[in-house]
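Here's a quick tour of a protein model for someone just starting out. Have a look at the picture first, then read on.

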Amino acid sequence: MRKKRAGETVEKRLQRLQQESARRAVAIEKESPEQRQQRLQKKAQIDKASREKQSPGQRQQLLQKKAEKDKVNRENESPEQRQRRLQKKAEKDKVSRENESPEKRQQRIYKRAQQAKVY
């Protein structure tokens, strides 16, 4: 994990973190697709294990914080960034719709109809 560094000033800490970040970025650029896949799988496993250890309340809090952060980011994004985000989401949704089962499709259509009734 993290080492405690006695007597480390804020400036030194920031400098150290920037250097570590730059080192990680270079290592990530140099890694092969297989290494990248392994790194991402390992991270996914660690994230999954930490989620399983959380209480439902903690999980809910994290989701709310993430939703608030996403909302602020959406409010502050430029029109070009918004367009790219929506385009990316549309492509992702299109791919998922192509791969979904007929039952899932039916559920999605039903949910959309229910939402339309609410509004």
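## Helices all the way

The secondary structure here adds up to five helices and zero strands. Follow the sequence and you get the pattern α-α-α-α-α. Helices (H or I, at least four residues) and strands (E, at least two) are DSSP runs, numbered from the N terminus.

A word on where this comes from: it's a predicted model, so local features need pLDDT of at least 70, side-chain atom pairs count only at pLDDT 80 or more, and totals for chains, interfaces and linings use all residues. Residues are numbered from 1 along each chain as its sequence is written, and side-chain values use heavy atoms, with hydrogens and water left out.

## Overall size

How does the chain's radius of gyration stand next to that of a compact globule? The chain has 21 Å, while a compact globule of 119 residues would have a value near 14 Å. That radius is taken over C-alpha atoms, and the globule rule is 2.2 Å times the number of residues to the power 0.38. Along the principal axes, the C-alpha atoms fill a box of roughly 60 × 40 × 35 Å.

## Surface and charge

Buried residues make up just 3% of the 119 in the chain. Here "buried" means under 20% relative accessible area, "exposed" over 50%, and "partly exposed" in between (1.4 Å probe, protein chains only). The chain exposes about 12,000 Å², and carbon and sulfur atoms supply 51% of that. These areas come from the Shrake-Rupley method with a 1.4 Å probe; for residues, only the protein chains shown count as cover.

As for charge, there are 37 positive and 18 negative side chains, and the centres of the two sets lie 4 Å apart. Lys and Arg count as positive, Asp and Glu as negative; His and the chain ends are not counted. Each charge is placed at NZ of Lys, CZ of Arg, CG of Asp or CD of Glu.

## Leu 14 in helix H1

Leu 14 sits in helix H1, which covers residues 10–30. Leu 14 counts as partly exposed because its relative accessibility is 46%.

## Two residues in helix H2

Helix H2 spans residues 33–53 and includes Arg 51; Leu 40 is in helix H2 as well. Arg 51 has 39% relative accessibility, so it counts as partly exposed. With a relative accessible area of 32%, Leu 40 is partly exposed.

Now for some distances. The C-alpha atoms of Leu 40 and Gly 57 are 27 Å apart, with their positions 17 residues apart along the chain. For Arg 51 and Arg 85, 34 residues apart along the chain, the C-alpha separation is 26 Å.
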